[in-house]
Amino acid sequence: MNMKTLLIVLVLALATIFALVCVLLTRGRAPGMCQHQPLEQEDTGDGQSLVFADLTPVELAQVVRYLRGSLGVQLVDASRAEPSDSCIASVELQVPAKAEVLRFLDGAGARPPREALAVLYFGNQPEPNVTEYVVGPLPTPVYHRDVTVQKYGGKVPYHRRPVTGKEYVDINTLIQQELRKAPRFLATCCESDGTDLAILTTAPRGFKSGDRMTWFVLFHNVPGTGYYLSPVGLEVLVEHKDLHISRWRLRQVFYNGRYFASTGDLEDAFVANLLEVIRIRKPQADMVLGSMRPRHPSGSPAPLHYEPQGPRYSVRGNRVTFQGWSIAFGMNPNSGPRLFDIRYRGERIVYELSLQEAVALYGSNCPGGMSTRYLDGSFGIGRFAYELVRGLDCPYTATYVDQHYLAESETPKTNQNSLCIFEHDAALPLRRHFSDSQSLYYGGLRKNTLVIRAISTLINYDYIWDFMFHSSGAVEVRVHATGYISSSFFHGRGTNYGNRVGPHTLGTMHLHHIHYKVDLDVNGQVNSLETQDMGYELGKEPWSMQNTIERLYLRRKRLEREDEAAFLLNAPMPRYVCFASPFSNKWGHLRSYRIQIISFAGEHLPVSSPMERSISWGRYQLAVTRRKEEEPTSTSIYNQNDPWTPTVAFADFINNETITNEDLVAWISVGFLHVPHAEDVPNTVTVGNGVGFFLRPYNYFDEDPSVDSPDSVYFSSEQDTGACGANPLACLPHTAACTPHLPPFRYGGFLNL
């Protein structure tokens with residue numbers, strides 16, 4: 001071996017040794033921490049989006065202080081108030097008029113004064129009523145004005161007020177007093193003295209305007225489990241209309257298919273052996289139907305969502321921005337999540353996108369179930385959006401936002417971390433193509449979306465509210481239902497109204513109907529409604545005229561009036577319904593946004609029903625009306641307890657006005673029929689129980705705007721696909737070679753209960 005060869009061998013050997021040393025040194029080393037830039041959580045400067053911001057705890061407290069000192073009436077804290085007292089029921093943001101806001105956002109107009117809407121129950125008056133005041137300006141109020149008559153055409157009758165927590169406590173006390181009159185029956189039927197039974201409200205409360213009479217359903221209550229699946233067969237009807245609690249009465253009792261005038265009569269029938277009693281043993285925690293405790297120890301960790309270089313969105317105050325999107329977000333304590341001033345690439349697409357109402361309508365052969373029509377806004381869709389569980393309700397590294405409210409108390413409360421924002425990788429291409437002819441290449445874009453989410457727990461059900469923003473310029477709105485089903489005691493022909501899911505449990509069939517307001521401003525406020533659909537035309541083939549051909553053609557129509565634009569639920573509707581601006585894109589088509597609804601709604605309550613007008617928005621899968629400041633919402637919190645004379649009836653919004661070149665609003669209903677089954681125990685799953693709609697650009701742009709996304713991927717057969725410079729996917733092994741920074745897990749969702 002000559003000297004040259006020996007040197008080459010030595011150099012190679014040294015290189016090999018060096019490489020091995022590097023491998024050994026790095027093999028046990030943990031990857032570096034991902035560089036996560038902290039986000040600015042508070043808006044700074046003169047943020048325009050603050051015009052939509054929910055009231056702060058300081059502002060809420062200031063309104064309470066002002067009202068206490070300015071109304072000249074004795075106010076009792078709502079948490080202690082009896083029906084004969086006067087109290088502040090709630091305080092929330094009074095959203096300024098749209099014209100005023102747009103002058104501020106788009107022109108040189110002044111910032112609208114910041115105001116609050118206060119709801120007061122005046123029970124300590126000769127004519128008790130509910131009154132609404134606008135209070136301002138904040139943060140230091142100096143005026144208030146009564147807007148009740150302006151909004152509703154008169155004072156709101158007192159019986160329409162939502163039931164408070166204090167009222168429920170007093171009703172529970174009455175029921176416990178009555179249960180003590182049937183001790184032997186309760187011991188035999190339920191192994192109970194009544195004090196350990198859970199009591200569930202139904203609604204509405206009676207059968208005619210002025211009633212305040214509620215069926216309450218009793219269940220075995222096992223701590224740490226869902227009592228909703230353990231009915232004992234006993235239901236009671238309580239009349240609680242009188243201003244004086246001492247005059248409230250239990251009017252009827254139901255047990256196992258029979259009705260009694262009182263619990264005393266029930267006890268007498270039992271003692272006389274005139275009552276068929278179904279003996280139900282008190283369930284144990286490890287055997288109860290509603291237990292969600294894990295049955296197996298945890299396994300290996302599931303895949304983890306994280307951002308190697310920190311979030312690509314920015315949250316400042318009540319506004320989030322992401323790859324051309326800009327959205328102001330908030331939470332109404334009654335109606336739930338709402339978004340304002342939604343812009344894409346600097347252009348406003350939607351002025352307001354807000355949840356309006358969620359209805360659950362039940363069937364059963366028990367009185368509580370058969371009469372239940374929950375209007376969840378009356379209970380508080382936003383108020384009961386509790387803290388989200390990091391890593392399950394939302395990705396662990398999502399941004400979490402607190403929500404503040406004042407309801408049934410003079411002290412503001414905070415649902416911390418009750419709204420989350422995150423970028424979601426759908427593990428699906430937004431668009432892609434693999435070319436295997438002419439030239440060989442691959443092009444595509446991942447489907448990454450910005451998600452704003454909240455979850456409301458409304459008695460037994462949990463609703464997951466999602467608002468998603470795509471790089472194609474589309475907005476997706478989606479709701480999933482989960483939580484516990486409601487149930488009745490299984491007896492008689494119960495399976496006419498659902499499925500048996502336990503020894504004595506009937507999973508009762510029900511409808512979920514959800515209503516949204518979408519104030520689209522497509523290329524400005526002046527819009528028209530256009531529809532397109534398909535048809536076949538039969539004709540001769542033009543190249544020979546010997547054969548016939550069925551040719552697809554496009555039917556276009558402009559809808560001129562509101563009656564034409566009110567599409568009944570489950571009736572045929574044009575496949576393309578678009579809000580069109582008067583301006584054209586590069587190709588001569590009107591710049592438009594399409595409404596695409598994904599829904600499996602059941603049948604709406606018959607119009608002949610005396611309470612149908614209170615939820616008359618449910619008649620329509622889509623209704624487009626002229627926007628009016630005096631029609632801000634499709635329903636009212638007062639509709640629940642007086643659906644027979646609704647405070648707001650959506651059907652009155654549709655009066656055949658012209659909708660050509662006007663400021664328009666789309667009112668969208670989605671929903672599904674749910675017939676509970678064995679697999680709904682212990683919980684209803686989200687799979688297959690999601691509905692919603694899309695707002696999709698339709699000739700709004702000259703091409704798909706996602707072509708400008710920095711996430712686009714393209715490589716050809718002539719390139720080195722493993723080179724980071726040619727293919728961003730090849731960069732991932734380096735850019736993602738870090739450990740995400742995970743904050744400690746904490747949960748405070750039980751604090752405000």
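**A walk through the model: turns, hairpins and cis prolines**

Pro682 sits in the loop that connects β33 (664–674) with β34 (690–698). Look at the bond just before Pro682 in this predicted model: the peptide bond between Val681 and Pro682 is cis, with omega about 5°. Another cis bond runs from Leu138 to Pro139, where omega is near 15°. Pro139 belongs to the loop between β4 (129–136) and β5 (143–146).

Let's step back to the wider region. The UniProt record, an unreviewed entry, places "domain: Copper amine oxidase catalytic" at residues 306–706. Across residues 306–706 the chain is 53% strand and 2% helix, and the C-alpha atoms at the two ends lie 23 Å apart.

Strand β21 (residues 461–470) is a good place to pause, with 9 of its 10 residues buried. On one side of the pairing, β20 (residues 439–458) runs antiparallel to β21 over 10 bridges, and Arg453 stands opposite Asp466 in β21. The hairpin of β20 and β21 has 2 residues between the strands, and Ile459 in the turn has a positive phi of about 60°. β21 also pairs with β22 (residues 475–483), again antiparallel, through 9 bridges; here Asp462 has Thr482 of β22 as its bridge partner. This hairpin leaves 4 residues between β21 and β22, with Gly473 in the turn at a positive phi of about 90°.

Two loop residues are worth a look for their backbone as well. Glu191, in the loop between α6 (183–190) and β7 (197–201), has a positive phi near 50° and is partly exposed, at 35% relative accessible area. Asn570, between β29 (566–568) and β30 (576–584), has a positive phi of about 65° and is partly exposed at 43%.

Note on methods
Residues are numbered from 1 along each chain as its sequence is written. This is a predicted model: local features need pLDDT of at least 70, side-chain atom pairs count only at pLDDT 80 or more; totals for chains, interfaces and linings use all residues. Side-chain values use heavy atoms; hydrogens and water are left out. UniProt positions are given in the numbering used here, feature names are shortened, and annotations may be inferred rather than shown by experiment. Buried means under 20% relative accessible area, exposed over 50%, partly exposed in between (1.4 Å probe, protein chains only). Two strands pair if DSSP finds at least two bridges between them.
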